[in-house]
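Work through the exercises below with the sequence and the structure at hand. Try each task before reading its solution.

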Amino acid sequence: MNALNTLPVLPGFYPDPSICRAEGTFWLASSSFEYLPGVPVHRSGDLVAWEQVGHAYECPSALPLPRGDAGSQGTFAPTIRHHEGTFYLVVTNMGQEPMGQRIVTTTDPEAGWSDPVLVPDTPGIDPDLAWDEEGTCHLTWRAVSFADGAVTSTITSVPIDPTTGRRLGEPVALWQGTGMRDPEGPHLYRRHGWWYLLLAEGGTGVGHCVTMARSRELTGPWEPHPANPVLTHRSTDHPVQATGHADLVPLEGDEAWEGTRFAMVHLGIRQREPFPGYHLNGRETFVVGVDWDGDWPEVDESRYDRAVRDQEAATDRSFTDAFAGPAGPVASGDEPWDLDDRWVSPGGLARAALCRGKDGVLAMTGPENAALPAPLLCARVRDEQWRAEALLEPEAGAVVELCVYLSPEHHVAVRWQDGQVRAVATVLDLSQQLGPVLQAAGPVRLWARAEPPEPGFFGSQVPDTLLLGLSDDEGAHELGRLDGRFLSSEVAGGFTGRMIGVRALAGRTRIRSLTYTTV
């Protein structure tokens, strides 16, 4: 087993990566599920250092997210492609009716994307776009059927017009994998007169893997890769697990599918002790090399290891954001908001709750009805050790938190209410105060940090510990701590990762700044 490739190129919650190349630049899109803006897009010149250039979906009308802030709904598994001068991005918006695949386009991902077109009668997830030699576009996806009360899925392809979403023929079933559970994440590539089909199998957990087959025609017969799975870390002690949901990109030219050197991006998780393992920041994006000298590609996990390590050593993801901007709402009508690309909100609920005063200071207002979901303005946690601090000015009647958030049912926060500050944890239907209460008049500095575990004879007893507290002129006061397992995907479920941000439960609070520090 190759023990290299242990660091992601996009740490934090950036799952289901898809990649393409245009004019020597690489472009990558990721799933974002219930968050708006949705589907982050990054670019790179070397596959190692990545810069976010925006989101494919920035307006609520383009991405109507179902059920408010419902966890792990929304955008599933995009594919990004470049064809004849145009970028295409196709994605599933899970929970939206009618269920189908949605395509947006642009000639410049940094300048924004078109309104989406829907491909009708394509229920399912994980869509892909590929073009044949005649210029016909083929949509491939994990089709889902609910016939006779049973849910079945099939890797399916249909020719379409990607500019209108119109289907140009009848769907055909492709290769369904090697027999493992959950064949999904299909990507089709055309090379030397063959269709190559890349799949994820085993489910997006520790059984995850990448498999491949090829055929002269989409209708088959399909010949499996003789070394399937072509990438997996299952049943090994490799520090990166759940490797799968991969996509290929040529390195010898934008459309050089006849070449021999390629790269592959894939998702993975970095689980921590104790047994059976816990990952905290979501499924992350990794890169490996691929050599394709003959009929079949071969993965080289060591190709980018040194470059990724050097990039990580030189990177500091710390930031301070004062949210400065013009007075008024952060977004006008259906327009994109004017915040940095790092900021997102479950269900997009923070859009209507955020407004700057005449002095340009951002304020967030909580719902009048406590039964409604509270707006959260948040960013991805991208480090294993970190600290965050928010400087807040709550008004009378406000209830506001600095929140470490994984889902609506799993979060921990330090909360200000009626001049008192406390740490509270929510796990499913249980809510608990974690420590003492301190008196504090506004403005207040609320903080949270992730602390590494103490090593033990049989390994660590927790993956990390989350500490929460208040800072004032007398120093930092810890108000509670929580076993990090409660905010892991293994406990909470779902497909996302930890976020950090400000959550308004009631009233109005001015947000002076939020600082995130890589420790």
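**Exercise 1.** Find which backbone oxygen lies 2.7 Å from a polar atom of the side chain of Thr79, and describe the surroundings of Thr79.

*Solution.* Start with the side chain of Thr79, where a polar atom lies 2.7 Å from the backbone oxygen of Pro127. This is a predicted model, in which local features need pLDDT of at least 70 and side-chain atom pairs count only at pLDDT 80 or more, while totals for chains, interfaces and linings use all residues. Residues are numbered from 1 along each chain as its sequence is written, and side-chain values use heavy atoms, with hydrogens and water left out.

Next, place the residue: Thr79 belongs to strand β6, residues 74-83, where strands are DSSP runs of E of at least two residues, helices are runs of H or I of at least four, and both are numbered from the N terminus. Then consider its accessibility: Thr79 counts as buried because its relative accessible area is 1%, buried being under 20%, exposed over 50% and partly exposed in between, with a 1.4 Å probe and protein chains only. Finally, list the contacts (heavy atoms within 4.5 Å): with neighbours within four places in sequence left aside, Thr79 is in contact with Ser18, Tyr88, Leu89, Val90, Pro127, Asp128, Leu129 and His187.

**Exercise 2.** Determine whether Arg191 is buried or exposed, and find what its side chain meets.

*Solution.* Arg191 is found in strand β14, which covers residues 184-191. Its relative accessibility is 1%, so Arg191 counts as buried. A polar atom of its side chain lies 2.9 Å from the backbone oxygen of Trp292. Not counting residues up to four places away in sequence, Arg191 touches Tyr196, Trp257, Glu258, Gly259, Phe262, Trp292 and Gly294. For one of these, Glu258, the C-alpha atom is separated from that of Arg191 by 5.8 Å, although the two residues are 67 residues apart along the chain.

**Exercise 3.** State how many residues the largest nonpolar core has, and follow the contacts of Leu354.

*Solution.* A nonpolar core is a set of buried Ala, Val, Leu, Ile, Met, Phe, Trp, Tyr and Cys residues joined through side-chain atoms within 4.5 Å. The largest one has 47 residues, and those with the most contacts inside it are Trp337, Trp343, Leu354, Leu377 and Trp386. Taking Leu354 and leaving aside its neighbours within four places in sequence, one finds contacts with Pro329, Val330, Trp337, Leu339, Leu362, Ala363, Met364 and Leu377. A second, separate core has 19 residues, including Ala62, Ile80, Phe87 and Val91.

**Exercise 4.** Describe the largest pocket, beginning with its volume and ending with the classes of its lining residues.

*Solution.* On a 1 Å grid over the protein atoms alone, a pocket is an open set of points with protein on both sides within 12 Å along at least five of seven lines, and lining residues have an atom within 4 Å of a point. The largest pocket has a volume of about 520 Å³, a volume being the space filled by probe spheres set on the points, which are joined across faces, edges and corners. Of its 25 lining residues, Tyr14, His42, Trp50, Arg317 and Arg382 are the closest to its centre. Both α1 (305-313) and β27 (376-380) supply at least two lining residues, and α1 gives the most, with 3 residues. By class, the lining has 12 nonpolar, 5 polar and 8 charged residues; Ala, Val, Leu, Ile, Met, Phe, Trp, Tyr, Cys and Pro count as nonpolar, Asp, Glu, Lys and Arg as charged, and the others, Gly among them, as polar.

Terms used:
A polar contact is a pair of N or O atoms within 3.5 Å; within protein, one must be able to donate a hydrogen and the other to accept it, and residues adjacent in sequence count only if both atoms are side-chain atoms. On a 1 Å grid over the protein atoms alone, a cavity is a set of points where a 1.4 Å probe fits but cannot get out, and a pocket is an open set with protein on both sides within 12 Å along at least five of seven lines; lining residues have an atom within 4 Å of a point.
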